[in-house]
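Thank you for having me; today I would like to walk you slowly through one model, and please interrupt me whenever a term is unclear. Let us put it on the screen.

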Amino acid sequence: NGNGTSVTAGDAAGGGETDASLSEVAVPGGDKLEGADAIEDDAIHLKRRVGLFSGVALIVGTMIGSGIFVSPSGLLIRTGSIGLSFIIWVACGVLSLLGALAYAELGTMNTSSGAEYAYFMDAFGPMPAYLFSWVSTLVLKPSQLAIICLSFSKYAVEAFVSECEPPNSVVKMVAVLAIAVILYINCYSVNLATGVQNVFTAAKLVAILIIICGGAYKLAEGNTQHLENVFKGTTYSLGNIATAFYTGLWAYDGWNNLNYVTEEIKNPSVNLPRSIIIGIPLVTMCYALINISYLTVMSGIELIESEAVAVTFGKRILGVMAWLMPLSVTVSTFGSANGTLFAAGRLCFAASREGHLLDILSYVHVRRFTPAPGLIFHSLIAVAMVMSGTIDSLIDFFSFTAWIFYGGSMLALIVMRRTKPNAPRPYKVPLIIPVVVLVISIYLIAAPIIENPQIEYLYAALFIVAGLIFYVPFVHYAIAPSFMDSVTVFLQLLLEVAPTQSMFD
Ligand code: ARG
């Protein structure tokens with residue numbers, strides 16, 4: 001019975017983006033019972049396979065996605081100068097590192113899966129934990145998918161239109177198509193999804209390396225003219241700086257991903273903090289170098305005007321090999337999107353299993369053992385987001401919402417230092433770190449609302465409140481409207497899915 005969860009986080013590390021949750025939903029074909037087993041009581045079956053190297057790969061592979069290929073121009077528009085942009089790129093890395101260190105304390109203190117969900121449960125009780133799962137299922141994960149697919153599409157379409165700007169409707173259509181393909185892959189089989197992941201992660205690293213080496217070459221040639229007078233035009237608006245952070249932090253999102261697999265890390269109290277301390281500065285360094293590389297071949301203004309920075313970079317530096325850039329970026333973003341949906345399906349599955357969402361969302365396909373209803377549900381929301389938003393508005397929407405919860409985790413840490421002073425903390429951060437991150441997240445949430453309110457923030461707030469409205473009758477009092485049963489049965493037959501329990505009998 002040993003290899004039931006044959007696709008484990010250890011394998012996933014190669015694929016990076018897979019969000020570490022593999023061993024729980026991963027139900028490889030082959031043996032039904034083992035698959036069901038693995039889903040039913042994952043805690044018992046998890047094996048500690050993620051060592052230092054895989055841990056670093058998991059962090060780096062998840063963080064590097066679409067952001068570094070689409071965010072630089074948005075960030076530059078918001079900051080007004082190359083100098084401040086660069087500072088914010090590095091500051092985002094530092095903030096992610098500090099946040100992740102606090103998560104390391106939380107993750108080694110409470111080693112159960114679900115990261116934020118588990119910490120909120122411990123520190124604040126079930127309602128905030130429910131709210132987190134509600135928001136991440138309905139907002140956070142689908143918007144991640146939507147943003148990455150839009151970035152994918154932007155690069156894919158850009159490759160075919162040489163001079164003019166690609167029409168918006170085409171970009172959206174291709175993004176929807178990408179979501180459909182990724183959904184198909186993830187519903188088809190877990191092995192296919194992780195295979196795609198591994199191949200595509202390699203492409204991501206190639207793209208990064210090409211850009212950095214190209215930039216180093218140009219620098220050696222003495223192309224520093226765009227790196228002078230770097231602070232000209234700098235903004236002093238605190239609201240703009242906060243939204244510039246949103247753009248930058250998107251590229252770093254995923255820094256907390258190792259926390260979803262604490263149960264699988266070998267010697268977590270050493271390897272979790274260590275992977276964080278190696279992985280996040282590594283990503284920060286890559287991003288900083290890439291930003292310099294971009295500026296060795298184009299000016300700030302050209303960077304802002306470029307529809308797809310990496311493509312422009314490729315055209316200027318790679319000559320006949322210029323096609324390599326859009327190809328590796330589309331492949332890389334496709335991989336990120338695949339990994340994000342994979343993780344999303346698993347999150348939805350876990351939360352609905354706890355009775356916090358609709359039952360049907362925790363069901364698994366009877367032959368393929370993929371959490372199809374959850375995957376379809378996420379994809380539908382993502383499609384709606386693709387149709388109704390732009391990359392930048394979605395990133396704001398995402399970052400605003402995500403940082404409410406990242407800030408919440410900092411608060412959870414601080415609260416538990418008081419309420420559970422004697423709980424074992426194998427890794428303890430200096431208290432100042434979560435305090436600083438909490439203060440910054442309050443600033444990140446408040447400044448844009450105060451200075452330049454966007455309708456997206458209202459939507460995000462309404463979503464959270466709507467969650468509370470559902471909580472009271474359906475979760476707290478567990479009232480189930482009778483028509484729900486027939487809806488569930490109908491969907492079960494349509495999608496050929498069953499609750500995981502039934503696989504045992
Ligand atoms: N940082 C990634 C990017 O630049 C996005 C990661 C999405 N988050 C996640 N947990 N999968 O595209």
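**Aromatic rings and the core**

Let me begin with Tyr-155, which has a relative accessible area of 0% and is therefore buried, and let me say at once that what you are looking at is a predicted model. Phe-69 also counts as buried, because its relative accessibility is 1%, and the cut-off for that word is under 20%.

How are the rings of Phe-69 and Tyr-155 placed with respect to each other? A pair of aromatic rings is described by the distance of the centres and the angle of the planes. A search of the whole structure finds 20 aromatic pairs, and in the one formed by Phe-69 and Tyr-155 the centres are 6.4 Å apart and the planes stand at 75°, so this pair is edge-to-face. The two residues come from distant parts of the chain, since Phe-69 sits in helix α6 and Tyr-155 in helix α9, with their positions 86 residues apart.

Trp-255 and Tyr-406 give us another aromatic pair, a tilted one, with 4.8 Å from centre to centre and 55° between the planes. Here too distant parts of the chain are linked, 151 residues apart, with Trp-255 in the loop between α12 and α13 and Tyr-406 in helix α18. Both Trp-255 and Tyr-406 are buried, and together with Tyr-103, Tyr-119 and Trp-403 they form one aromatic cluster.

Now to the core. In soluble globular proteins, nonpolar side chains tend to be buried together. The largest nonpolar core in this model has 139 residues, and the members that touch the most others are Phe-69, Tyr-155, Tyr-287, Tyr-294 and Trp-403. Which helix gives the most residues to this core? That is helix α9, residues 126-158, with 19 residues. If we take Tyr-294 and leave aside its neighbours within four places in sequence, its contacts include Phe-69, Ile-68, Pro-72, Leu-303 and Phe-313.

Finally, please look at two helices, α10 (residues 168-188) and α17 (residues 372-388), whose axes come within 10 Å and cross at roughly 175°. That angle makes α10 roughly antiparallel to α17, because angles over 145 degrees count that way. By class, their contact has 12 nonpolar, 3 polar and 1 charged residues. Among the residues that meet there are Val-176, Ile-179 and Leu-183 in α10, and Leu-375, Ile-376 and Val-383 in α17.

How values were computed
Residues numbered from 1 in each chain as written. Predicted model: local features only at pLDDT ≥ 70, side-chain atom pairs only at ≥ 80, totals over all residues. Heavy atoms only, no water. Axes fitted to C-alpha atoms, helices over the stretch in contact; angles between N-to-C directions. Helix = DSSP H or I, 4+ residues; strand = E, 2+ residues; numbered from the N terminus. Parallel < 35°, antiparallel > 145°, perpendicular 65-115°, else oblique. Contact = heavy atoms within 4.5 Å. Nonpolar A, V, L, I, M, F, W, Y, C, P; charged D, E, K, R; others polar. Core = buried A, V, L, I, M, F, W, Y, C linked by side-chain atoms within 4.5 Å. Buried < 20%, exposed > 50% of the residue type's maximum accessible area, 1.4 Å probe, protein only. Phe/Tyr/Trp six-rings, centres within 6.5 Å; stacked < 30°, edge-to-face > 60°.
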